Amino acid sequence: MRLLIIEDEQRLSNTIKKGLVEEGFAVDQAYDGEDGQYLAQSENYDLIILDVMLPKIDGITLCQTLRQK
């Protein structure tokens, strides 16, 4: 299962990723909404863990954009 974490707090993102990788998931990370949008549209993810308050593009706007596509 391939997951994407979009979280601007790198320490938190790395902690989440570490736990998920230990459970056998493939995990990619983005630290702002713009990079997250690029990754989400470039790859096929089974699940996206999305923060609401992100730099460049906020999580709500990003979620709406991804749902439209």
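An open sheet of three strands sits here in the order β2-β1-β3, with parallel pairing; strands and helices are DSSP runs, numbered from the N terminus (E over at least two residues for a strand, H or I over at least four for a helix), and two strands pair if DSSP finds at least two bridges between them. β2 and β3 (47-50) stand at the edges with a single partner strand each, so one side of each is left without a neighbour in the sheet. On average, neighbouring strands of this sheet are turned by 20° against each other, direction ignored; the axes behind such angles are lines fitted to C-alpha atoms, for helices over the stretch in contact, and angles run from 0 to 180 degrees between N-to-C directions.

This is a predicted model, in which local features need pLDDT of at least 70 and side-chain atom pairs count only at pLDDT 80 or more, while totals for chains, interfaces and linings use all residues. Residues are numbered from 1 along each chain as its sequence is written, and side-chain values use heavy atoms, with hydrogens and water left out.

**Strand pairing**

- Strand β1 (residues 2-6) pairs with strand β2 (residues 26-30) in the parallel sense, over five bridges.
- Along that pairing, leucine 3 has valine 27 as its bridge partner in β2, leucine 4 stands opposite aspartate 28, and isoleucine 6 stands opposite alanine 30.
- On the β3 side, β1 pairs in the parallel sense over four bridges, and isoleucine 5 stands opposite isoleucine 49 there.
- β1 is mostly covered, with four of its five residues buried; buried means under 20% relative accessible area, exposed over 50%, and partly exposed in between (1.4 Å probe, protein chains only).

**Helix α1 against the sheet**

- β1, α1 and β2 make a right-handed β-α-β unit; a crossover is right-handed if, with the strands pointing away from the viewer, the path from the first strand over the helix to the second runs clockwise.
- Helix α1 lies across β1, β2 and β3, and runs at about 170° to β2.
- Isoleucine 16 lies in helix α1 (residues 10-22) and counts as partly exposed because its relative accessibility is 28%.
- Leaving out residues up to four places away in sequence, isoleucine 16 touches Ile5 and Ile49, where contact means heavy atoms within 4.5 Å.
- Isoleucine 16 and isoleucine 5 are eleven residues apart in sequence, and their C-alpha atoms are 8.2 Å apart in space.

**Nonpolar core**

- In soluble globular proteins, nonpolar side chains tend to be buried together.
- The largest nonpolar core here has eight residues in all: Leu4, Ile6, Ala30, Ala40, Tyr45, Leu54, Ile57 and Leu62.
- A nonpolar core is a set of buried Ala, Val, Leu, Ile, Met, Phe, Trp, Tyr and Cys residues joined through side-chain atoms within 4.5 Å.
- Isoleucine 6 touches Ala30, Asp32, Gly36, Ile48, Ile49, Leu50, Asp51, Leu54 and Leu62, again not counting residues up to four places away in sequence.

**Salt bridges**

- The count comes to three salt bridges, each being a side-chain nitrogen of Lys or Arg within 4 Å of a carboxyl oxygen of Asp or Glu.
- In one of them, the side chains of arginine 2 and aspartate 28 meet at 2.7 Å, N to O. Arginine 2 lies in strand β1 and aspartate 28 in strand β2, so this pair ties together parts that are 26 residues apart in sequence.
- Both ends of that pair count as partly exposed: arginine 2 at 29% relative accessibility and aspartate 28 at 21%.
- Lysine 56 forms a salt bridge with aspartate 32, with the closest N and O atoms 3.7 Å apart. Lysine 56 lies in the loop between β3 and α3 (59-68) and aspartate 32 in the loop between β2 and α2 (33-42), so the pair ties together parts that are 24 residues apart in sequence.
- Lysine 56 also meets glutamate 34 in a salt bridge between side chains, at 3.9 Å, N to O. This pair links distant parts of the chain, with glutamate 34 in helix α2 and lysine 56 in the loop between β3 and α3, 22 residues apart.
- Asp32, Glu34 and Lys56 are thus linked in a network of salt bridges. Within this network, lysine 56 is exposed at 61% relative accessible area, aspartate 32 is buried at 10%, and glutamate 34 counts as partly exposed at 43%.
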